[in-house]
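Reader: I am new to this structure and would like a close look at a single part of it. Please choose one element, say how it sits among the others, and follow the chain around it with care.

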Amino acid sequence: MVVAGHDQLHVIQEEEGSKRRQILDGARKVFMDLGFDGASMGEIARAAQVSKGTLYVYFADKCALFEAILEQEALQHGQVVFNFDPARDAETTLKEFGLAYLHLVCRPGGGSAIRTVMAIAERMPDVGRRYYARVLDKSINRLSAYLQARVGSGNLDIDDCDLAASQFMELCKASLFLPFVFQAAPAPSVERMTEVVGSATRMFLAAYRTK
């Protein structure tokens, strides 16, 4: 029996990782163009430039493929660094978070995953629940924890920090996210995002800053 050496195993793992990324890139394009229902494993194989046999080595079906794409989306959200140091003032922190959050959810091509999830969530509620928990709820929880710390230090007066976190995130998306996600408008400019987040921050602090 021939045992692969460490270097050989490393090369194999790199090749497998590269092939998997190639498949996911092809699948993402197909899901974006055709939606979940319109996508087929054959179409995904063609877009990824692999055989159907190779495709099935990596993924059992298109549900598994779509779940893997959502997992990548969750990882991308998780890698965005928000500075929630409790010692930082609320205005600076909220503005920086709001801009970073908008850049993430309104980036070019970034709306395809959520559009597809919205389209299938009624028939596949587990997919919708997992996407919400891994992507959206994590951002709410992180902001909520920061707000709670500022309440504890006497700077903010908030009874329900989870609600307040959701409110701020919705204020930041006002007039920007829905037109973008429904393809009624292109991704917003940095200038427009800055303007909307500034307005959201002023409204939020007017309601919740300690009087």
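Author: What follows looks at the last helix, after a short account of the whole chain.

The model is a predicted one, and its chain holds 10 helices and 0 strands, so that from the N terminus on the elements run α-α-α-α-α-α-α-α-α-α. Along its principal axes the C-alpha trace spans about 75 × 45 × 30 Å, and of the 211 residues in the chain 39% are buried. Among the contacts with a separation of 6 or more, 73% are between residues 24 or more positions apart. The chain exposes about 11700 Å², with carbon and sulfur atoms supplying 54% of that area. Its side chains include 24 positive and 26 negative ones, and the centres of these two sets lie 3 Å apart.

Helix 10 covers residues 190-208, and because a helix is expected to rise 1.5 Å a residue, its 19 residues should span 27 Å, which agrees with the 26 Å between its end C-alpha atoms. The buried residues of helix 10 are Met193, Val196, Val197, Gly198, Ala200, Thr201, Phe204, Leu205 and Tyr208. An α-helix has 3.6 residues a turn, so residues three or four places apart point the same way. The partners against which the buried residues of helix 10 pack are helix 5 (90-105), helix 7 (125-152) and helix 8 (161-173).

Of these partners, helix 5 can be followed through two of its residues. Leu102 is found in helix 5, and it counts as buried because its relative accessibility is 0%, where the cut-off for buried is under 20%. Not counting residues up to four places away in sequence, Leu102 touches Met193 and Val197, and also Arg107, Cys172, Lys173 and Leu176. Both Met193 and Val197 are among the buried residues of helix 10. As for Cys172, it stands 70 residues from Leu102 along the chain, yet the C-alpha atoms of the two are separated by 7.3 Å.

The other residue, Thr93, is also found in helix 5, and with a relative accessibility of 2% it counts as buried. The side chain of Thr93 makes a polar contact with the side chain of Arg88, at 3.4 Å, while a polar atom of the Thr93 side chain lies 3.0 Å from the backbone oxygen of Asp89. Leaving aside neighbours within four places in sequence, Thr93 is in contact with Asn83, Phe84, Arg88 and Tyr146.

It remains to follow the chain from helix 8 towards helix 10, where two residues deserve a careful look at their backbone. Most residues other than glycine have a negative phi. Ser175, in the loop between helix 8 and helix 9 (177-181), has a positive phi of about 70 degrees although it is not a glycine. Gln183, in the loop between helix 9 and helix 10, likewise is not a glycine and has a positive phi, of about 60 degrees. Gln183 counts as exposed because its relative accessibility is 62%, where the cut-off for exposed is over 50%.

Conventions:
Residues are numbered from 1 along each chain as its sequence is written. This is a predicted model: local features need pLDDT of at least 70, side-chain atom pairs count only at pLDDT 80 or more; totals for chains, interfaces and linings use all residues. Side-chain values use heavy atoms; hydrogens and water are left out. Helices (H or I, at least four residues) and strands (E, at least two) are DSSP runs, numbered from the N terminus. Buried means under 20% relative accessible area, exposed over 50%, partly exposed in between (1.4 Å probe, protein chains only). Contact means heavy atoms within 4.5 Å. Accessible areas come from the Shrake-Rupley method with a 1.4 Å probe; for residues, only the protein chains shown count as cover. Lys and Arg count as positive and Asp and Glu as negative; His and the chain ends are not counted. The place of a charge is taken as NZ of Lys, CZ of Arg, CG of Asp or CD of Glu. The expected span of a helix is 1.5 Å times one less than its number of residues. A polar contact is a pair of N or O atoms within 3.5 Å; within protein, one must be able to donate a hydrogen and the other to accept it, and residues adjacent in sequence count only if both atoms are side-chain atoms.
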